[in-house]
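Me: Got a minute to walk through a model with me? I'd like to go over the sheets, the helix packing and the ligand site.

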Amino acid sequence: FVIRRILTIESTCDETAAAVINERLEVLGATVATQHELHERFTGVVPEIASRAHVERILPVIDESLRQAGITLAEIDAVAVANTPGLAGSLLVGLSAAKALSVALDVPLLAINHLQAHIYACQMSASENVFPCVGLIVSGGHTSLYRCDDPLDFTLLGATIDDAAGEAFDKVASMLGLGYPGGPAIEKAAQAGDPKAYRLPRAMLNGEGGLDFSFSGLKTAVRYKIAPPGNVEFNQLSLEANEVANLAASFQEAVVDVLARKAKKALKESKLTTLCVGGGVAANAALRQRLTSDAKAAGHTLHIAPPSLCTDNAVMGAIAIERLKGGMTESLELDIVPGPVR
Ligand code: KG4
Ligand code: ZN
């Protein structure tokens with residue numbers, strides 16, 4: 001069986017995406033329709049709104065990817081879909097579309113683990129094989145470290161015990177009145193701030209917690225810098241613009257510091273020398289800079305996908321080609337597994 005072109009579908013959260021990729025991992029077409037504008041006023045993803053938007057967008061997004069690739073549906077040899085983890089209603093839209101196409105075109109159906117795909121985004125932008133590696137996934141829903149022996153063999157080393165790093169960015173941005181999604185907003189505000197202005201906690205370092213993470217205390221610490229507990233004006237933001245910038249910068253520095261130190265620890269303990277970083281927060285310039293300088297100092301190899309492949313996309317779903325090569329196709333019984341998945 002020759003795979004010439006695979007169609008990949010992503011609808012786990014609030015991005016509707018599709019891509020057409022060939023067996024040499026060349027991207028022939030790729031489209032992402034973001035829903036940020038629909039969720040902005042709620043400062044977080046509203047699941048029901050997300051599912052409805054996926055229903056409206058999924059076919060146009062697939063069509064656009066095929067158009068870019070210059071092919072018709074009949075020229076697709078396999079269809080792959082992210083079926084875990086994510087929001088149930090959102091996942092169902094992608095899975096239904098993929099199953100329908102698989103039946104109608106009589107081509108294999110493949111499953112994509114969205115977290116593993118975030119790491120595979122590094123492979124999509126690297127010229128050499130990135131495996132084996134330590135994989136750090138930092139997204140809106142997850143903050144996890146994996147030992148990735150090959151694209152089909154991931155072992156969890158540690159994960160957040162409360163908030164994900166991206167979730168903390170989103171909540172802190174909301175507290176600071178910076179808008180949604182919070183990551184890019186904090187990054188922008190932080191450029192004018194002093195990362196040493198506020199002392200903020202870095203949880204679970206110094207031996208405790210192994211390779212797990214915790215960000216909820218950091219979030220609370222930021223809250224108390226805005227207004228102390230018990231203050232009647234707790235919900236009213238009264239910070240000057242420079243204080244907002246300083247808090248954004250100090251918060252960002254705390255997250256970056258924890259992520260970099262845990263990644264270093266994972267590399268040391270696993271005796272691996274390559275680090276691959278994926279997920280929306282990996283688009284953050286301060287994190288990229290810190291990881292780059294740490295890698296240089298330690299002499300290990302670092303792969304971070306370009307920002308457009310860090311946030312949710314379907315190109316990273318090319319990991320499904322590895323499953324197809326391994327004969328791991330799915331039946332129509334394939335279901336969604338929303339989570340919790342670390
Ligand atoms: O991977 P992703 O697109 O979706 C999930 O699978 O969750 O990640 C989205 C998360 C959001 O929390 C967003 O605020 C964060 O990634 N993010 C960033 C940046 N861009 C997106 N966080 C920090 N800095 C950024 N530049
Ligand atoms: Zn994601």
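**Sheets, helices and a ligand**

Reply: Happy to, and let's begin with one strand pair: strand 4 (residues 78-84) and strand 5 run parallel to each other, paired over five bridges. Keep in mind that this is a predicted model.

Me: Which residue of strand 5 does Val79 stand opposite?

Reply: Val79 has Leu109 of strand 5 across from it.

Me: And what packs on the sheet there, touching strand 4 and strand 5?

Reply: Helix 3 (residues 88-105) does, and it also touches strand 1 (5-10). The direction of helix 3 makes about 160° with that of strand 4.

Me: OK, zoom out. What's the strand order in the sheet that has strands 4 and 5?

Reply: The order is 3-2-1-4-5, an open sheet of five strands with mixed pairing. Strand 3 (27-34) and strand 5 (109-113) are the edges, each pairing on one side only. On average, neighbouring strands in this sheet are turned by 20° against each other, ignoring direction.

Me: There's another open sheet of five strands, with mixed pairing. What's its order?

Reply: That one goes 8-7-6-9-10. Its edge strands are strand 8 and strand 10 (301-304), and each of them pairs on one side only. Here the average turn between neighbouring strands is 25°, direction ignored.

Me: How do strand 7 and strand 8 pair, parallel or antiparallel?

Reply: Antiparallel: strand 7 (residues 143-150) and strand 8 (residues 153-159) pair over six bridges. The two strands form a hairpin, with two residues between them.

Me: Which residues stand opposite Asp150 and Leu145 in strand 8?

Reply: Asp150 stands opposite Asp153, while Leu145 stands opposite Gly158.

Me: Nice. Which strands does helix 8 lie across?

Reply: Helix 8 (residues 241-270) lies across strand 6 (133-138), strand 7, strand 8 and strand 9 (274-278). Relative to strand 6, helix 8 runs at about 155°. Helix 9 (residues 285-298) packs on the sheet too, touching strand 9 and strand 10, and its direction makes about 160° with that of strand 10.

Me: Let's switch to helix-on-helix packing. At what angle do helix 6 and helix 8 pack?

Reply: About 115°, and their axes are 8 Å apart. The crossing is left-handed.

Me: Which residues meet there?

Reply: From helix 6 you have Ile186, Glu187, Ala189 and Ala190, and they meet Val244, Ala245, Ala248, Ala249, Phe251 and Gln252 of helix 8. Sorted by class, that contact has eight nonpolar residues, one polar and one charged.

Me: And how far apart are the axes of helix 5 and helix 6?

Reply: Those axes are 7 Å apart, and the helices pack at an angle of about 65°. Helix 5 also passes helix 6 in a left-handed crossing. Helix 5 brings Gly166, Phe169, Asp170, Val172, Ala173 and Ser174 to the contact, and helix 6 brings Gly182, Gly183, Ala185 and Ile186. By class, the contact of helix 5 with helix 6 has five nonpolar, four polar and one charged residues.

Me: Now the ligand. Which residues come nearest to ligand 1?

Reply: Out of 20 residues around ligand 1, the nearest are Gly140, Gly166, Gly183, Gly280 and Asn284. Helix 5 (165-175) and helix 6 (182-190) are the elements that give two or more residues to this shell. Two of the names come up again in the helix contact we just went through: Gly166 of helix 5 and Gly183 of helix 6.

Me: How does the shell divide by class?

Reply: Around ligand 1 there are six nonpolar, ten polar and four charged residues.

Me: Last topic: how is the protein divided into domains?

Reply: Domain 1 covers 5-119 + 312-325, and domain 2 covers 128-304. Taken over C-alpha atoms, their centres are separated by 27 Å. The contact takes 13 residues from domain 1 and 20 residues from domain 2.

Me: Which helices supply the domain 1 side of that contact?

Reply: Helix 1 (36-39), helix 4 (114-124) and helix 11 (319-325) each supply at least two residues. Helix 4 gives the largest share of that side, four residues. By class, the side of domain 1 that touches domain 2 has four nonpolar, six polar and three charged residues.

Me: Great, thanks for the tour!

Note on methods: Residues numbered from 1 in each chain as written. Chains lettered and ligands numbered in written order. Predicted model: local features only at pLDDT ≥ 70, side-chain atom pairs only at ≥ 80, totals over all residues. Pairing = 2+ DSSP bridges. Axes fitted to C-alpha atoms, helices over the stretch in contact; angles between N-to-C directions. Contact = placed C-beta atoms within 7 Å. Near = placed C-beta within 6 Å. Nonpolar A, V, L, I, M, F, W, Y, C, P; charged D, E, K, R; others polar. Domains from an automatic or database assignment. Left-handed = near helix turned anticlockwise from the far one by under 90°.
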